[in-house]
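Visitor: Hi, I have a structure open and some questions about it. Can we go through it together?
Guide: Sure, here it is.

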Amino acid sequence: MADYVGAVDQGTTSSRFMLFDHGGNEVGKHQLEHQQILPQAGWVEHSPVEIWERTRSLIQMTMIRLGLQGSDMAALGVANQRETTVVWNRKTGRPYYNAIVWQDTRTDHIASALEREGKGDVIRQKAGLPPATYFSGGKIQWILEHVDGVRADAEAGDALFGNTDSWVMWNLTGGVNGGVHVTDVSNASRTMLMSLETLDWDDELLGFFNIPRAMLPQIRPSSDPARYGEVAAPQGYAGIPLTGILGDQQAAMFGQVCFAPGEAKNTYGTGNFMLLNTGSEMVRSKNGLLTTVCYQFGTEAPVYALEGSIAVTGAAVQWLRDQLGIISGASEIEALARSVADNGGMYFVPAFSGLFAPYWRSDARGAIVGLSRYNTNAHLARATLEAICYQSRDVSEAMEADSGVHVGVLKVDGGVTANDLCMQLQADVLGVPVSRPIVAETTALGAAYAAGLAVGFWKDTDELRANWNESKRWTPQWSEEQRASGYAGWKMAVERTLGWVEVD
């Protein structure tokens with residue numbers, strides 16, 4: 001009997017591999033960062049080759065360190081940064097171009113043209129998404145139009161598209177030697193190309209972007225007893241069943257056991273992503289949120305969610321570290337921010353890639369407002385943490401307006417939740433308690449849960465719920481007056497970011 005389930009968590013700044021036991025406890029983990037390639041303003045890329053090589057080495061290093069064989073693993077799941085677009089050749093296995101990351105804004109002219117031509121409402125109705133640089137469809141179109149040879153190869157069936165889940169899965173299952181070209185419904189729902197009702201690629205949407213259907217992976221359930229394939233021999237652990245795929249934010253919903261309608265979580269990573277389970281109902285947002293597939297178990301009906309996607313939260317902390325040099329490590333921001341009592345009247349809106357939910361303004365750019373001679377780098381550090389929290393309130397209010405559901409306790413996960421001050425500020429800004437689980441790496445845990453459920457390692461979601469335990473809770477300390485005043489200042493600051501660049 002295999003004792004563990006593994007999960008690849010292929011994220012925006014790093015990849016990790018984790019092993020979990022039946023109790024949902026972390027048994028082993030290894031993590032490696034990959035390069036952030038920034039060719040010009042607004043462009044963000046990754047090397048798909050680097051991502052795959054590091055993913056493979058992560059699995060090998062973790063298994064060797066623990067002295068495990070492939071037979072010790074019941075199944076393997078994959079979670080991934082969504083919307084990040086890879087196009088590669090099925091015969092050579094080589095990418096035609098770097099992965100275009102979800103944060104990249106080079107396709108703003110494509111998104112605005114769709115709106116101008118009256119196609120935006122069709123995309124909203126069918127795919128649940130607004131035309132935006134965020135999603136995969138425009139990125140595929142850009143590669144087809146700007147990289148020599150891709151169009152011809154795509155029409156011949158030799159150029160394959162995938163978000164990073166498909167790229168990793170294809171390589172895990174053998175690559176050029178029989179690699180499986182698949183994705184799941186949660187990732188497919190982030191492309192602007194899949195119908196939320198049919199759960200299949202939509203010919204009208206493909207036509208909007210002039211994308212050949214032959215490029216696209218087969219869409220499968222998120223937790224699939226039929227298995228997508230097995231780990232191929234060259235990886236060293238042949239035969240491990242591959243049975244779970246989830247976009248990272250949907251994986252975090254799994255890991256936070258948000259299986260009932262009305263349950264919500266907020267993940268704090270490079271960006272922030274708040275999701276609300278709406279069950280079998282597709283709630284059409286009127287307040288700037290996304291309607292997305294949350295997950296699908298085998299042949300069961302899909303579960304949907306409302307999502308508020310925020311482009312830059314943890315990435316703003318990285319910006320303080322890498323571009324400004326205010327801190328030498330992300331962990332230092334808490335002490336620096338604690339050295340002042342408040343933000344000193346300063347607000348920082350990190351709209352580096354425009355503003356995502358609920359504004360969807362690609363013409364916005366970052367701004368620091370309210371400055372006086374009094375302000376120091378400590379105030380900027382605190383304003384950065386507050387920006388994470390205020391952006392989450394923007395999304396929370398839109399979510400309540402769309403669904404009528406008031407979240408009484410916000411479940412949180414992701415790297416920023418290690419920052420106690422930021423989580424206290426989040427409770428203060430929202431006015432509701434914030435709860436962090438013992439296993440904070442809920443994205444990897446969710447991918448493991450999806451894979452393990454498919455093979456019977458866990459028999460049902462009740463077993464998963466029994467594994468969830470709270471690590472820490474923060475309760476609001478601000479007065480209602482303080483909360484209202486702070487949020488009013490934030491809304492004024494957001495207004496100052498709009499209209500900074502022209503969008504064709």
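Visitor: Which residues in helix 6 are buried?
Guide: T164, D165, S166, W167, V168, M169, W170, N171 and L172 are buried in helix 6. Buried means under 20% relative accessible area, exposed is over 50%, and partly exposed is in between (1.4 Å probe, protein chains only). Helices (H or I, at least four residues) and strands (E, at least two) are DSSP runs, numbered from the N terminus. This is a predicted model, where local features need pLDDT of at least 70, side-chain atom pairs count only at pLDDT 80 or more, and totals for chains, interfaces and linings use all residues. Residues are numbered from 1 along each chain as its sequence is written, and side-chain values use heavy atoms, with hydrogens and water left out.

Visitor: How many of the residues of helix 6 is that?
Guide: Nine of nine, so helix 6 (residues 164-172) counts as mostly covered.

Visitor: And what follows helix 6?
Guide: G174 does, and its phi is positive, near 120 degrees.

Visitor: New topic. How many disulfides are there?
Guide: Zero. A disulfide is a pair of cysteine sulfur atoms within 2.5 Å.

Visitor: Why is C389 not bonded to C422?
Guide: The sulfur of C422 is the closest cysteine sulfur to that of C389, but at 4.0 Å it is too far for a bond. C389 is buried, with a relative accessible area of 0%.

Visitor: What about C258?
Guide: Its closest cysteine sulfur is in C294, 8.0 Å away, again too far for a bond. C258 is buried too, at 1% relative accessible area.

Visitor: Now pockets. What volume does the largest pocket have?
Guide: About 1,000 Å³. On a 1 Å grid over the protein atoms alone, a pocket is an open set of points where a 1.4 Å probe fits, with protein on both sides within 12 Å along at least five of seven lines; lining residues have an atom within 4 Å of a point. The volume is the space filled by probe spheres set on the points, which are joined across faces, edges and corners.

Visitor: Which residues are closest to its centre?
Guide: Y268, G269, T270, G415 and V416, out of 43 that line the largest pocket. Helix 10 gives the largest share of that lining, five residues.

Visitor: And the second largest pocket, what lines it?
Guide: There are 22 lining residues, with L38, V44, A315, Q323 and F352 nearest the centre. Helix 10 gives the most here, with six residues.
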